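Student: Could you take me through one part of this model closely? I would like to look at a helix and what lies around it.

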Amino acid sequence: MLIRLPYNTKYDFIGKRLLAFAITAAIILASIGALATRGLNYGIDFAGGILVEVKSPGAADLKEMRSTLGGLGLGEVALQTFGAPDQVLIRLSRQEGGEREQMAALDKVKAALGDGYEYRRTEFVGPKVGEQLREDAVWAVSLAILAIGAYIWIRFEWPFAVGALISTFHDVVAAFGFFAITGLQFDLTIVAAILTIAGYSINDTVVEYDRVRENLRKYKTMPMIELLNLSVNETLSRTILTGGTAILALIALYFLGGSVLENFALAMLFGVVIGTYSSIYVAMPLLVYFDLRSLGGGREEETAPEKQSAG
Amino acid sequence: MFYPRWKTILILAVCLIGIVFALPNALPRQVTDSLPSWLQPINLGLDLQGGSHLLLEVEVEAVVKEQLTSLVDSLRGALREARIRYADLGIDGEAVTVKLLDPEARDQVRAIVRGLDPDVRFDIRDDGVAVIAYTEQARAIRKKAAIDQSIEIVRRRVDELGTREPTIMRQGDNQILVQLPGVADPDRIKNLLGKTAKLTFHLVDPTVSAEEAARGRVPPGTQLMQSADPQGPPAYVVRRRVEVGGDALIDAQPSFQNNEPVVSFRFDSAGGKRFGDVTAASTGKQLAIVLDNKVISAPVIREPILGGSGVISGSFTVETANDLALLLRAGALPAPLTILEERTVGPDLGADSIRAGAIASVVALVLVIGFMFAIYGLFGMFANLAVIINLALLLGVLSALGATLTLPGIAGIVLTLGMAVDSNVLIYERMREESRLGRTPINAMVAGFDRAFTTILDSQLTTLVAAVLLFQFGSGPIRGFAVTLAIGLATSMFTAIWVTRLMLQAWARRAKPQTLPI
């Protein structure tokens with residue numbers, strides 16, 4: 001009656017590591033390339049600027065609105081319907097000058113549109129705040145990666161920390177690349193998504209590393225590649241199930257969570273896929289290149305004799 | 001396998017307390033209003049309930065600049081009085097500079113400067129120019145005082161408008177965060193906060209006309225000031241000397257005079273006396289009422305005003321008279337404020353977001369429940385029950401902590417739903433493995449919980465690390481996301497490990513299983 005996932009699988013994940021490394025390198029290069037050439041499509045959180053979401057009395061006449069707002073001399077005015085035909089998102093790029101000029105531009109837009117419109121959302125981010133938010137975001141992402149690495153180092157041996165750091169770094173770069181390639185708007189919620197992706201991916205990696213640590217103790221003489229393959233295969237059903245439930249929840253969020261969370265859900269969906277990939281194909285095969293057994297395999301074994309002598 | 005009685009009771013008690021705290025979220029507002037303050041539903045962020053978020057910056061440099069200017073003025077007077085010859089008195093950067101033509105006068109000037117303001121440093125450069133600057137400490141104290149006072153004035157102005165539960169707090173070095181729940185159109189507030197509202201009374205200089213002064217003939221001790229009243233003359237020549245300042249006001253109210261809106265005001269006793277003296281000495285002259293360096297009006301003083309109160313007229317509408325009275329009551333800002341950031345969400349969008357978030361959560365929950373049932377059957381339903389309890393605990397903890405739920409926070413809840421079952425999946429997969437190795441059902445279950453525990457701990461704690469950093473460095477709504485994610489991790493570990501185990505124990509006692517049903 002229950003759906004049974006295959007167990008005792010014997011897929012050779014680690015044997016294909018060179019191919020996996022090539023794919024990983026391609027993902028990284030494509031991401032960096034896209035970031036360098038296309039860059040990120042910053043939302044107003046980071047770029048500064050003005051965003052107004054209005055509800056027009058009837059179906060919105062974008063053409064007319066565009067000519068009304070275009071004549072104000074405020075630079076580029078982007079209009080798009082948002083969620084429903086009478087809801088329009090108006091974006092103004094950052095105005096020349098300081099904060100006061102931005103505010104003045106917002107007042108002009110409100111005056112030009114007149115009273116018929118209902119203002120659902122008004123966001124204005126001045127140049128100073130944009131810079132501050134950008135700085136905070138860079139700190140948050142870099143520190144998160146380092147802190148995660150430090151935690152793994154404490155709980156495991158150092159090669160595991162290196163593998164976890166590299167695979168997390170890969171996920172973060174790929175997530176940035178995803179936004180550069182798709183041109184989706186990059187704002188504060190996306191930074192939250194990227195940090196969550198890092199968290200999800202490391203979660204996945206830790207589950208697999210934990211199994212490696214256990215198997216190192218269990219099978220003292222098993223060749224490393226075989227042992228890593230065994231570990232991936234043993235945890236495979238869990239990887240699929242957890243990924244599956246996360247994807248189900250995110251799909252619900254993507255379709256039903258409202259327009260503001262759409263990009264967040266999309267970033268997370270991408271992150272679950274890339275995080276799962278990187279745990280199996282980046283974090284695991286990297287361990288082949290370290291002599292884990294000479295490090296004692298697991299910390300518990302190392303400390304066990306000490307405990308005895310102390311007690 | 002089986003927990004001692006006290007542990008069972010403890011686990012059930014925690015669940016119960018969590019559910020009690022979560023309960024207000026399911027009750028209508030009329031009911032929750034009558035509940036005690038510790039038992040309230042979750043605070044909704046401005047993005048969900050609608051409201052306005054403003055980030056203001058105090059232009060502290062203006063305070064320093066103003067103080068330097070007044071130092072220059074008093075120094076000029078003091079030097080003249082002491083008959084000390086000088087040249088090039090002015091402001092250079094953050095210091096006042098003056099060239100002393102008599103080197104012998106240095107010590108005398110040093111003493112004069114000390115007397116004017118003890119917080120300044122007095123140095124003589126090699127070229128004989130005296131440099132007078134505030135010490136680092138004095139500058140810091142003055143800036144801090146300016147910011148503290150600004151916060152106080154902002155609070156008074158916002159309170160005067162009768163906004164419901166505003167939050168006004170300092171952020172960073174010189175920023176003020178203002179959060180106004182339920183305010184959908186902050187234009188009036190922005191307008192009020194954008195004014196320094198420094199009120200002063202000056203005598204008008206009758207010897208020169210404004211036209212002459214505009215051509216450059218400004219007599220010493222006076223200045224040309226623009227008019228704020230489009231119906232009056234465009235500018236006035238007023239004496240620099242402040243006869244009475246707005247800081248002496250104790251009340252201001254909008255009222256009517258000859259059917260025109262005006263603002264009536266009352267001075268404190270010292271201010272009232274000064275005002276009486278000035279009006280007595282200058283009857284027949286024009287008194288300029290100046291707000292933020294613009295003349296509101298300049299009525300002729302017909303008779304001494306001795307009662308300490310008066311009215312300001314000047315082409316007001318009812319609303320502008322109201323606003324001016326409010327600003328005068330709340331007091332002047334020590335420095336101008338700039339709006340760095342504004343985020344305003346209308347009530348409709350907030351309600352839409354809550355609805356969308358609730359639908360997404362329910363659908364996600366149903367999907368996850370169906371999935372877990374399909375994979376694990378009865379055990380899956382135990383896990384599902386644990387996930388539902390987890391949701392209640394998460395809401396309970398958020399409510400009890402007084403945390404704020406934001407739209408990204410709802411995303412955090414949905415994500416927690418998806419990831420909460422991870423612990424259960426780890427445990428059940430481990431049980432399946434142990435069972436395949438030939439263990440009895442009870443042994444497999446115990447081994448499943450024990451072996452999965454370190455894995456769960458490690459994997460959840462690493463995610464927690466990311467959540468904590470997100471909270472530390474995130475701003476506004478992002479913090480809401482970090483909070484729900486972190487609390488969700490903690491509650492999901494509790495429910496997946498202890499609550500599920502409790503359910504499995506109860507089941508195992510009754511069913512006495514021969515095989516593991518997963």
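Tutor: Happy to! One definition before we begin: two residues are in contact if their C-beta atoms, placed from the backbone, lie within 7 Å. Please keep in mind that this is a predicted model.

Let's look at α8(A), which spans residues 224-256 of chain A. Within its own chain, α8(A) packs with α9(A) at an angle of about 175 degrees, the axes being 10 Å apart. Angles over 145 degrees count as roughly antiparallel, so α8(A) is roughly antiparallel to α9(A). On the α8(A) side, the residues that meet α9(A) are L228(A), V232(A), T239(A), G243(A), A246(A), I247(A), L250(A), L253(A) and Y254(A). Their counterparts in α9(A) include L261(A), E262(A), A265(A), L269(A), V272(A), I280(A) and M284(A). Sorted by class, this helix-helix contact has 15 nonpolar, 3 polar and 1 charged residues.

Now turn to the other chain. The contact between the chains takes 58 residues from chain A and 58 residues from chain B. Among the elements giving two or more residues to the chain A side are α4, β5, α5, α7 and α9, along with α8. Of these, α8(A) gives the most, with 13 residues. The chain A side as a whole divides into 34 nonpolar, 12 polar and 12 charged residues.

Strands join the chains as well: β5(A) is linked by 5 bridges to β18 of chain B (residues 337-345), and the two run antiparallel. To find one of the pairs, start at V125(A), whose bridge partner in β18(B) is E341(B).

Methods
Residues are numbered from 1 along each chain as its sequence is written. Chains are lettered from A and ligands numbered from 1 in the order in which they are written. This is a predicted model: local features need pLDDT of at least 70, side-chain atom pairs count only at pLDDT 80 or more; totals for chains, interfaces and linings use all residues. Helices (H or I, at least four residues) and strands (E, at least two) are DSSP runs, numbered from the N terminus. Ala, Val, Leu, Ile, Met, Phe, Trp, Tyr, Cys and Pro count as nonpolar, Asp, Glu, Lys and Arg as charged, and the others, Gly among them, as polar. Two strands pair if DSSP finds at least two bridges between them. Axes are lines fitted to C-alpha atoms, for helices over the stretch in contact, and angles run from 0 to 180 degrees between N-to-C directions. Angles under 35 degrees count as roughly parallel, over 145 as roughly antiparallel, 65 to 115 as roughly perpendicular and the rest as oblique.
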